[in-house]
Structure formats: structure tokens, C-alpha cells
Amino acid sequence: MAKFMVSITHAKDNSDNATVGFVVANASAASGVETVVFLTTEGVRLSSKGYADDVHEEGFAPLKQLMADFVEAEGKIWVCSPCFKKRGLDMNNLVKGATIVGGAKVVEFLTTGGSCITY
């Protein structure tokens, strides 16, 4: 099975990139590809419940909906552990489908046949 990772490095600081990242991730998951969204740097903020609720780029579905659709399509959301800790976010307030991971998990995914794109 094909494996695809979408690395999202932005949140409200560039909501267009965050939104397009999840649009691409949804297209991948809907195609039956094993798909992971890796939230890193500012993107980790998207892992907090309620954070994306008011993000809606013109021409796209609301980010909250895109994220929920992705998880419903069996997509996985991985959250960079050091980035998450640096920002003092609450591990008890993660969105559905989000898991805190270290870099080794990403390396394993990519070195076993995964491809990656970054937004």
C-alpha cells in the first residue's frame, strides 16, 4: 500500500497553508492511501480542540470540517512532541485522531516507502 505524509508547519499564522494541507491529505486518504498529517512548528496548534473552529479560507470547507473528515477517512494526525511542548500546549486537549510522536516515528514512516509534502 502507498504511504503519504502531509507535513503542516502553519496554523493561524498562515491558515491558507494549513487548509490546503488538509485538503491534500483528504484527497490522499479518500484514494485509499495510508495517510498521515504531521503537525510541526506552528502547525501543532491545530491539534488543540477548538483552535481551528474559526479558520475558514474562502473557497474551501472550514478547517475544522476538513480535519474531522480526514480522521473519519482513517487518516492519522501526528503531532511533533518537542514542538508541542515548546508551545506549552495541553496533552489532555487533543483533537480526535491526534497522537503526540517523536521524530523517529516520522523517519520510520518515510524510510519504509512514504512520500512527503510540506505546507
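In this predicted model, strands β2 (residues 34-39) and β3 (residues 76-80) pair in the parallel sense, and four bridges join them. Within this pairing, phenylalanine 38 stands opposite tryptophan 78 of β3. The two strands belong to an open sheet of five strands, ordered β4-β3-β2-β1-β5, in which the pairing is parallel. At the edges are β4 (98-101) and β5 (114-118), each of which pairs on one side only. From one strand to the next, the twist averages 25°. In general terms, the strands of a sheet pair through backbone hydrogen bonds, in either a parallel or an antiparallel arrangement.

Helix α1, comprising residues 15-30, lies across β1 (3-8), β2 and β3. The direction of helix α1 is at about 170° to that of β1.

**Aromatic pairs**

The structure holds two aromatic pairs, set out below.

| Pair | Centre to centre | Angle between planes | Geometry |
|---|---|---|---|
| Phenylalanine 22 and phenylalanine 70 | 5.9 Å | 80° | edge-to-face |
| Tryptophan 78 and phenylalanine 109 | 5.7 Å | 80° | edge-to-face |

Phenylalanine 22 belongs to helix α1 and phenylalanine 70 to helix α2 (residues 63-72), so their pair ties together parts that are 48 residues apart in sequence. Both phenylalanine 22 and phenylalanine 70 are buried.

The other pair links the sheet to a helix: tryptophan 78 lies in strand β3 and phenylalanine 109 in helix α4 (residues 103-111), so parts that are 31 residues apart in sequence are tied together. Because its relative accessible area is 8%, tryptophan 78 counts as buried, the cut-off being under 20%. Phenylalanine 109 is likewise buried, with a relative accessible area of 4%.

**Lysines over aromatic rings**

Phenylalanine 109 has a further neighbour in lysine 3, which lies over the face of the ring at 4.7 Å from its centre. A second arrangement of this kind involves lysine 12, whose charged end sits over the ring of tyrosine 51, 4.5 Å from the ring centre.

**Threonine 35**

Threonine 35 is placed in strand β2. Its relative accessible area is 2%, and the residue is therefore buried. Its side chain reaches the backbone nitrogen of alanine 29 at 3.3 Å. Leaving aside residues up to four places away in sequence, threonine 35 touches Phe4, Ala25, Ser28, Ala29, Phe70, Gly75 and Lys76. Phe70 thus appears both among the contacts of threonine 35 and in the aromatic pair with phenylalanine 22.

**Residues with positive phi**

Most residues other than glycine have a negative phi. Threonine 41, although not a glycine, has a positive phi of about 40°. This threonine lies in the loop between β2 and α2. With a relative accessibility of 35%, threonine 41 counts as partly exposed, because that class lies between the limits of 20% and 50%.

Glutamate 74 also has a positive phi, of about 70°, without being a glycine. Its position is in the loop between α2 and β3. Glutamate 74 is exposed, with a relative accessible area of 71%.

Note on methods
Residues numbered from 1 in each chain as written. Heavy atoms only, no water. Pairing = 2+ DSSP bridges. Axes fitted to C-alpha atoms, helices over the stretch in contact; angles between N-to-C directions. Contact = heavy atoms within 4.5 Å. Phe/Tyr/Trp six-rings, centres within 6.5 Å; stacked < 30°, edge-to-face > 60°. Buried < 20%, exposed > 50% of the residue type's maximum accessible area, 1.4 Å probe, protein only. Lys NZ or Arg CZ within 6 Å of the ring centre and 35° of its normal. Polar contact = N/O pair within 3.5 Å; in protein donor to acceptor, adjacent residues only side chain to side chain.
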